[in-house]
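Subject: Structure handover

Hi,

Here is the structure I promised to pass on. Please open it first, then read my notes below.

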Amino acid sequence: MSPHHVQVAPTEPVRAAWKEASVYQIWPASFKDSTGSGTGDLKGVISKVDYLKQLGVDTVWLSPIFESPQVDMGYDISNYRVIDPQYGSIEDVDVLRDRLHERGMKLVMDLVMNHTSDQHEWFKQSRSSRQNKYRDWYIWKPARMDADGNRQPPNNWQSHFQGSVWEWDDATEEYYLHLYGKEQPDLNWENPAVRQEVHETMRFWLDRGIDGFRFDVINFVSKDQRFPDSTSDFFPGCEYYACGPRLHEYLQELGSILQEYDAFSVGEMPCVHDPKDIIKSVQQGRNEFNMIFHFELMDIDHGPKGKFSPGRWSLADFKKTVDKWQQFMYQNNGWNALYLENHDQPRAVSRFANDSPEYREQSAKLIAIFLGFQAGTPFVYQGQEIGMHNVPTDWPLEEYQDIDCLNHWRLKGQNADRETREMFLREYQKKSRDNARTPVQWDSSKHAGFTTADKPWMSVNPNYSVINAAAQLDDPNSVFNCWRTVLNMRKHHKDVIVYGRFDLVDEENDKVFAYTRTSPQGKVLVVCNFSDEAVDWASLPCKAQEILVTTTGRTLSNLSSGNISLEPYEAIALLLAV
C-alpha cells in the first residue's frame with residue numbers, strides 16, 4: 001500500500017453536479033477571431049457554443065478576458081470589472097452566459113488576484129508615494145545593504161519568470177515584490193482592504209450570472225511575513241509562500257462566498273506536492289474549493305535545473321503519481337481536477353505519447369480515454385479534442401511569444417555556448433507555453449479558419465490541413481468523437497466512472513497503464529499502451545461485458561481469449577461482467 005493511502009474505509013463520495021461535469025478551457029486570443037483583427041474574441045467563442053455542446057462538455061472556463069496590457073497574455077489585469085477591448089465587451093459576456101445557460105452549460109471565469117498589472121490604478125497609487133493609502137495594498141520593502149554599502153534586494157527569492165522577485169522603485173526608494181513579471185506586482189493579502197476588494201470582485205461577477213471561477217496561483221496569496229532567505233533550489237522562496245501561514249483562513253473567506261452562490265471553483269496550486277497541504281483546500285466540509293490543479297504530473301519531465309533543463313519521465317513514475325492522487329482524494333473525501341494540458345503546458349500528445357504522423361491520432365485518443373475514465377472532474381483544453389500538438393521542431397525563436405521562455409533565453413540562453421543554446425531551443429519546443437497557444441485549427445482554409453486577418457497574433461501550426469475540427473466532426477473514428485464518447489460514458493456510467501474506486505492493474509508493466517474503476521453498480525477496466533510497440537497483455541481480470549470506447553474499433557470477439565494484443569498507443573475501456 002502506498003504511504004499516501006489512509007488506513008480507513010472511505011465513505012461513499014458525496015454526490016455533486018460539479019463532480020459529474022466536464023470542463024472545456026478556452027484561451028480567448030487563440031480560439032476564434034470574429035472581427036478579422038488576428039486575435040480571438042468573445043463573439044468568436046459565442047459562434048462555437050454549439051460545437052462545444054456537440055462535444056459534450058458541461059462547463060466553459062475562459063482564461064482572463066479583463067482589461068490588461070497583455071504583458072502576460074491577460075494574467076496581468078488592470079481592471080477586474082472591464083473586458084479588454086480586444087476581446088469585446090461586458091455585454092458579450094452576458095450573451096455568452098445566456099447561450100451557454102440555454103444549452104444547460106455553465107460559464108466560469110479566471111480570477112488572477114495574487115497579483116495585478118503594474119498599470120492597475122491600485123498600483124499606480126501605491127507607487128506614487130509611501131504615504132498613499134494604497135501603499136500597503138502591495139508588498140514593499142527597503143533595500144538590504146551589503147558589506148560594501150551596495151543596495152541588494154530584501155531576499156534571494158527567484159521569480160517564476162526568471163530573475164529576482166524584487167523590483168527597485170526609484171521614486172519611493174523601495175523594492176516591490178512580484179512572483180512573476182516585474183509588471184505583475186503581488187497584492188498584499190495581509191491587508192483586509194485587499195481581501196474585501198477580492199470578495200467584492202467575486203460578487204460582482206456572480207451577481208451577473210457567472211457560475212464560478214478558476215483562481216490563478218491562489219496558494220501564493222499568503223506569504224511568510226519574515227520574508228527570509230531561501231535555501232531551496234526549486235523556485236527559491238516558494239517554501240515561504242506556496243502554502244503560507246494564513247492561506248486556509250483566506251480560502252475559507254472565498255469559500256463562504258462561493259457556497260452562498262453555489263458556485264463552481266477550482267484553484268491552481270503550483271509548488272505543492274504534499275497531499276496533506278492540498279486536501280485542506282478541497283476536503284468535503286472544509287468549505288474552501290471544489291478542486292485543485294496540482295502540478296506533480298506537470299513537473300514530471302523537468303530537469304534538475306528547472307523546466308527548461310532536460311528531464312525524462314518514466315511510466316513507473318507516471319503511475320505512482322496518478323495512483324497517489326486518485327487514492328488519496330478518494331480516501332480523504334477530496335476531489336481531483338483531471339488535466340494533462342492547459343494554457344501553461346505543452347500538448348499532451350507530444351509530451352506523454354507520440355505526435356508523429358503515424359501515431360498522433362491514436363495517441364490523442366489514448367489521452368482522452370486515459371484521462372476521462374479517472375476519478376475527478378476532467379478538463380479539456382481547446383484543440384485537445386482534435387489532437388492538436390506542439391509547435392514544429394523547426395520553428396525559429398522568432399515565432400515564440402511566451403514571456404517565460406523569452407526571459408529565460410535573454411538571461412540564460414543567448415550568451416551561452418552553442419551546445420547550451422541548442423539544448424535550450426530543444427527544450428522550448430518541448431515545454432514552452434507557446435505550444436498550447438497556437439490558434440485552434442477549425443478547418444483547412446487559410447490560417448485554419450481561425451481568422452480572416454492577413455496575419456494572426458500567433459502563427460498557426462502548419463499541420464492544420466491534416467488536423468482540424470471540420471474534418472473530424474462527422475468521422476465516427478475521429479479524435480473529436482473519441483472525446484465525445486468518453487464524456488458521454490462518464491454520464492451513462494457515472495456511478496462507476498465518477499464515483500467508483502480507482503485501482504492500478506499490472507502495476508509493474510513498463511509499457512501499459514491499466515486501471516479499474518469499481519463501485520457497487522459495476523466495474524470498468526481501462527488499458528492504455530503508452531509505447532510504440534505492440535504488447536500482448538494478458539491481465540484481463542474477468543470477462544468483458546461491453547466495450548465502452550476503443551481507439552481501434554475492437555469488438556468483444558477480439559477479447560474472448562482473455563488476452564489483448566495491443567497496438568502501439570492503443571487504449572480501450574471495458575465494462576466488466578461482475
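Start with one pair of side chains. R103 and D50 meet in a salt bridge, with 2.6 Å from N to O. This pair ties together distant parts of the chain, as the two residues are 53 residues apart. R103 sits in the loop between α4 (90-102) and β5 (106-111). D50 belongs to helix α3, which covers residues 49-55. How many salt bridges does the structure hold? The count is 41.

One caution before you go on: this is a predicted model. Please keep that in mind for everything here.

Now the whole chain. There are 15 helices and 22 strands in it. The radius of gyration is 24 Å, and the globule rule gives 25 Å for 578 residues. Those two values are close, so the chain is as compact as a globular protein of that length. Along the principal axes, the C-alpha atoms fill a box of roughly 80 × 60 × 55 Å.

Next, the domains. The assignment lists these for the chain:

- Domain 1: 17-114 + 194-391 + 440-453 + 461-471
- Domain 2: 121-177
- Domain 3: 392-431
- Domain 4: 500-576

Note how domain 1 is written as several segments. Colour each domain separately when you look at the chain.

Then turn to domain 2 and domain 3. Their C-alpha centres lie 29 Å apart. Domain 2 brings four residues to the contact, and domain 3 brings six residues. Between them, the two domains bury about 400 Å². Of that area, 60% is on carbon and sulfur atoms.

What classes of residue does domain 2 use on the side that touches domain 3? One is nonpolar, three are polar, and no charged residues appear there. Salt bridges between domain 2 and domain 3 number zero. Polar contacts are found, though: three residue pairs make them across this interface.

To begin, find R103 and D50 and look at their salt bridge. After that, move on to the interface of domain 2 and domain 3 and its three residue pairs in polar contact.

Best wishes

Conventions:
Residues numbered from 1 in each chain as written. Predicted model: local features only at pLDDT ≥ 70, side-chain atom pairs only at ≥ 80, totals over all residues. Heavy atoms only, no water. Domains from an automatic or database assignment. Contact = heavy atoms within 4.5 Å. Buried area = accessible area lost by both parts, 1.4 Å probe. Salt bridge = Lys/Arg side-chain N within 4 Å of Asp/Glu carboxyl O. Polar contact = N/O pair within 3.5 Å; in protein donor to acceptor, adjacent residues only side chain to side chain. Nonpolar A, V, L, I, M, F, W, Y, C, P; charged D, E, K, R; others polar. Helix = DSSP H or I, 4+ residues; strand = E, 2+ residues; numbered from the N terminus. Rg over C-alpha atoms; globule rule 2.2 N^0.38 Å.
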